[in-house]
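Dear colleague,

Please find below the structure that I am handing over to you. My notes on it follow directly after.

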Amino acid sequence: MFDQLLSTLRVVALPMKTNFRGVRVREVALFQGEYGWAEFSPFLEYDDQESSRWLASAVEAATQPRPQQFRDAIPVNGTIPAITDGNRLKEIIESYPGCATFKVKVGENLNEDLIRLQLLRTIRPSAAIRLDVNGLWSVDDALKNLSTINDEIGEIQYVEQPCATVEELRELKSRADFNLNIAADEVIRKAVDPFAVDLNGAADYVMLKVQPLGGITRCLEIAAHYGLPVVVSSALESAVGISYGLELAASIEHLSFDCGLATGSLISKDVASLPITNGSIALKSLEVNLEGLEVAPDRYEWWKNRAMRCAKELGI
């Protein structure tokens, strides 16, 4: 089965509007199967074991029917990268029409983080704000920085992965003398066994990212296992990968939070269009166009070889 899927492989390079987690051009591999287009796009530095989950998601997307859906449009949050250029930030914020929630990348420089957050508060004063730290802070730094942000910006809806380990998250929650909600991301999706992490006292919400966790079926199993409210988010994917994230969000019966599935606004030229309307993205069939986006032959071979190694990891 995988050999047939591999024969449909296309690889594209998508230019970013701005540097996002060090990425200026996002390379993604695409397959086409019975159930449509599928994406395989682990970041370049990920090893084969971690990347194999991303391939499992792509194989599922291309070859399996979708589960029951409970909605046909998904409310989304805006995503603010770690930049301080006021004009550029204003453009990014305004590129999310109708969005009532924004996730802001923070963690490397508190003063710059505050500038970014204050500008967002000025432009969208009623927006709910989430922070994404990617595990950069120690417990002491997290307490100090989050206390400052709460004092100067106001209450934060939640902070995503403020510290690297689940033990640090638990200590942070136990020591905080202010309202603190934590969303667990890397501690689950980078775990050898995503079902074996003890989130008791460490997290209030679970982040679900369809590719890194191995597909919709596995994400739904993880959500059921932890029994916590979930937020569906992207992994800086093309419209194909985002579309599968939308399918995941649609298949969750009780979806309490806006989803982080609008990162297509950070890409200059994508393979398809997923417009935001009144703060939501509708599920729809994609009209995929790869013209002018495909990579050079050496990059194609690199991704093909990577996919083959990951398939071997999966035993398919």
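Ser 51 counts as buried, because its relative accessibility is 0% and the cut-off for buried is under 20%. Please bear in mind that this is a predicted model. Ser 51 has its place in helix H2, which comprises residues 48-63. Leaving aside residues up to four places away in sequence, Ser 51 touches Phe 40, Pro 42, Tyr 46, Arg 306 and Cys 310.

I turn next to the sheet. Seven strands form an open sheet with parallel pairing, in the order S5-S6-S7-S8-S9-S10-S11. Its edge strands are S5 (78-80) and S11 (230-232), each of which pairs on one side only. On average, and with direction ignored, neighbouring strands of this sheet are turned by 30 degrees against each other. Within the sheet, strand S7 (residues 128-132) pairs with strand S8 (residues 158-160) in the parallel sense, over three bridges. Leu 131 stands opposite Val 159 in S8.

Two helix pairs also deserve a description.

The first concerns helix H3 (residues 86-94) and helix H4 (residues 110-123), whose axes come within 11 Å and cross at roughly 50 degrees. H3 is therefore oblique to H4, since this angle falls outside the ranges for roughly parallel (under 35 degrees), roughly perpendicular (65 to 115) and roughly antiparallel (over 145). The crossing of H3 and H4 is right-handed. On the H3 side, the contact is made by Gly 86, Leu 89, Lys 90 and Ile 93, and on the H4 side by Arg 116, Leu 119, Leu 120 and Ile 123. By class, the residues of this contact of H3 with H4 divide into five nonpolar, one polar and two charged.

The second pair consists of helix H5 (residues 139-153) and helix H6 (residues 166-175), which pack at an angle of about 45 degrees with their axes 9 Å apart. H5 is therefore oblique to H6. H5 passes H6 in a right-handed crossing. From H5, the residues Val 139, Asp 140, Ala 142, Leu 143 and Leu 146 meet Glu 168, Glu 171, Leu 172 and Arg 175 in H6. The contact of H5 with H6 has five nonpolar and four charged residues, and no polar ones.

When you open the model, you may wish to begin with Ser 51 in helix H2 and then move on to the sheet of seven strands.

With kind regards

How values were computed: Residues are numbered from 1 along each chain as its sequence is written. This is a predicted model: local features need pLDDT of at least 70, side-chain atom pairs count only at pLDDT 80 or more; totals for chains, interfaces and linings use all residues. Side-chain values use heavy atoms; hydrogens and water are left out. Two strands pair if DSSP finds at least two bridges between them. Helices (H or I, at least four residues) and strands (E, at least two) are DSSP runs, numbered from the N terminus. Axes are lines fitted to C-alpha atoms, for helices over the stretch in contact, and angles run from 0 to 180 degrees between N-to-C directions. A crossing is left-handed if the near helix is turned anticlockwise from the far one by less than a right angle, and right-handed if clockwise. Contact means heavy atoms within 4.5 Å. Ala, Val, Leu, Ile, Met, Phe, Trp, Tyr, Cys and Pro count as nonpolar, Asp, Glu, Lys and Arg as charged, and the others, Gly among them, as polar. Buried means under 20% relative accessible area, exposed over 50%, partly exposed in between (1.4 Å probe, protein chains only).
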